[in-house]
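Thanks for coming. I have a few slides on one model, and I will go through the helix packing and some single residues. Here is the structure.

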Amino acid sequence: MSHDLYVLGGAQTDFARNWAKEGLGLLDMLTEVLPATFADAQVPSSEVQVVHVGNLAGELFAGQAQLGGLVAAADPGLVGLPSTRHEAACASGSTALVAAGADIASGRYDVALVVGLELMRNVSAKQAADHLGTAAWAGREAVDAEYAWPALFAEVADEYEVRYGLDHAVLGRFAEIAFANGADNPLAQARDWAFPAGSFAEDDDVNPLVEGRLRKTDCGRITDGAAAVVLAGADYAAEWAAARGLDLEQVPRLSGFGHRTDTLLLADKLDASRGTDHLFPHLHGTIHDAYRRAGLSGIDDVDVVEMHDCFTITGLVTLEHLGLVAGGKGGEVVHDGTIERSGRLPVNPGGGLLAAGHPVGATGVRMVLDATRQVTGRAGATQVDGARRVLTVNVGGSFTTAVAFVVETGA
């Protein structure tokens, strides 16, 4: 990916909806999100040349594979195009974006549609947890856990405690900030949720333990939803901008990216990183790859971060891999207001995964979509004043896959 990949527009569904309760499914998500995406991008589907789809578990939740064909079924203008589905657990949407960027950078295509989607609330919570658990190493980890991912990220929290010490008040404050941000997001899953006293504390009645040391508000929820964006190369984007009286610098661009993958087993990753500066060195490397490719010196050149926080510990760990603070010091910037929407480095101004929701295949695409809205001043009540450059960080599995993008405008 070079400096000539532009985001012309996009859309997402309401992440609070339970599509199965409405008698709807994956195709219905697509028939809703695609027209909204093309309308926002002001690009007809007939001008798209390639399609990339992010999805983790369509076969398990909906009994449906071949999602590239389902996208074509949702919009006849996409019939006959090359279309590929990408799976990298919670980073599926971001890997679809990486692939679309490579297609455009290669010169094969000028315009790409990237869509991520997941239907997850059509089964019980336990069944959903089991389906999602397939992104861990089946039969080798979390084998005795009722909920695989809370259990595995509780192990991350335990390792954090061993290396640095961990006060739950840090996790609680991280969650409190996320849900406060989400309350202002009109498409957030948790926008209308109420949190009685004790909801972010070690209160076994209001905020009970789920797995290990992680409590209810430390954990992201099962979410349905889709998000999509239209990407274009420089030539197409320049013509598109000129036709609308815009300078190309006003169009959001993906100026840098990082994409790395580590081994699958969480225990192996943690064993390998002992004695190093980071719990997950490849996550640090991914983020710094994005800085380098975007020509940035580091986090000080970033205005906003859209960051993976499927659990509060995920958010805390990721925060410490940005170059902002050293390992074990994330609690300082959680408590001092740095990461609040009005702070020095706002994190997840729309609520992140905890509050906005986490339809797994859609999350990476939603992050980039929200980033483009921030840098164009279109983020509404979640807007960060003066935001012109946003870093997105999306991880899949137990930090197995890591993808980062820098999204910016020059004006």
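**A buried strand residue, then the helices**

Leu231 counts as buried, at 0% relative accessibility; buried means under 20% relative accessible area, exposed over 50% and partly exposed in between, with a 1.4 Å probe and protein chains only. Before I go on, this is a predicted model: local features need pLDDT of at least 70, side-chain atom pairs count only at pLDDT 80 or more, and totals for chains, interfaces and linings use all residues. Residues are numbered from 1 along each chain as its sequence is written, and side-chain values use heavy atoms, with hydrogens and water left out.

Back to Leu231, which lies in strand β7. Helices (H or I, at least four residues) and strands (E, at least two) are DSSP runs, numbered from the N terminus. Leaving out residues up to four places away in sequence, Leu231 touches Leu5, Tyr6, Val7, Leu97, Ala100, Ile104, Asp110, Val111, Ala112 and Val114. Contact here means heavy atoms within 4.5 Å. As for distance, the C-alpha atoms of Leu231 and Gly198 are separated by 44 Å, and the two residues are 33 residues apart along the chain.

Now α11. How many of the residues of α11 are buried? Eight of its eight, so to speak of α11 as mostly covered is fair. The buried residues of α11 are Thr312, Ile313, Thr314, Gly315, Leu316, Val317, Thr318 and Leu319.

Two helices pack on α11. The first is α6, residues 148-164, which meets α11, residues 312-319, at an angle of about 50 degrees, with the axes 9 Å apart. Axes are lines fitted to C-alpha atoms, for helices over the stretch in contact, and angles run from 0 to 180 degrees between N-to-C directions. The pair α6 and α11 is therefore oblique. On the cut-offs, under 35 degrees is roughly parallel, over 145 roughly antiparallel, 65 to 115 roughly perpendicular, and the rest oblique. The crossing of α6 past α11 is left-handed, meaning that the near helix is turned anticlockwise from the far one by less than a right angle; clockwise would be right-handed. On the α6 side the contact is made by Phe153, Val156, Ala157 and Tyr160, and on the α11 side by Ile313, Thr314, Leu316 and Val317. By class, the residues of this contact of α6 with α11 are seven nonpolar, one polar and no charged. Nonpolar covers Ala, Val, Leu, Ile, Met, Phe, Trp, Tyr, Cys and Pro; charged covers Asp, Glu, Lys and Arg; the others, Gly among them, count as polar.

The second is α7, residues 168-182. The axes of α7 and α11 come within 9 Å and cross at roughly 95 degrees, which makes α7 roughly perpendicular to α11. Here Val170, Leu171, Phe174 and Ala175 of α7 meet Thr312, Ile313, Gly315 and Leu316 of α11. The residues in the contact of α7 with α11 are six nonpolar, two polar and no charged.

While we are on α7, one residue in this helix is His168. His168 is buried, with a relative accessible area of 9%. Not counting residues up to four places away in sequence, His168 touches Phe200, Ala201, Glu202, Asn207, Arg213, Arg215 and Asp218.

Next, another helix pair. At what angle do α4 and α14 pack? About 65 degrees, for α4 (residues 92-105) and α14 (residues 363-375), with the axes 5 Å apart. That makes α4 roughly perpendicular to α14. Gly93, Ser94 and Leu97 of α4 meet Gly364, Val365 and Val368 of α14. This contact of α4 with α14 has three nonpolar, three polar and no charged residues. Leu97 is also one of the residues touched by Leu231.

That leaves the loops. Thr223 is placed in the loop between β6 (214-215) and β7 (225-233). Thr223 is buried, with a relative accessible area of 0%. What does the side chain of Thr223 reach at 2.9 Å? The backbone nitrogen of His358. The side chain of Thr223 also reaches the backbone oxygen of Arg221, at 3.1 Å. For these polar contacts, a pair of N or O atoms must lie within 3.5 Å; within protein, one must be able to donate a hydrogen and the other to accept it, and residues adjacent in sequence count only if both atoms are side-chain atoms. Leaving aside neighbours within four places in sequence, Thr223 is in contact with Phe15, Glu118, Met120, Arg121, Gln189, Gly357, His358 and Pro359.

Val43 is in the loop between α1 (26-41) and β2 (50-54), and is buried, at a relative accessible area of 2%. Leaving aside neighbours within four places in sequence, its contacts are Leu8, Phe38, Val230, Tyr236 and Trp240.

Last, the backbone. Most residues other than glycine have a negative phi. Ala89, not a glycine, has a positive phi of about 55 degrees. Ala89 lies in the loop between β3 (83-86) and α4 and is buried, with a relative accessible area of 5%. Asn348 has a positive phi of about 50 degrees, and is not a glycine either. Asn348 lies in the loop between α12 (330-335) and α13 (352-356) and counts as buried at 2% relative accessibility.
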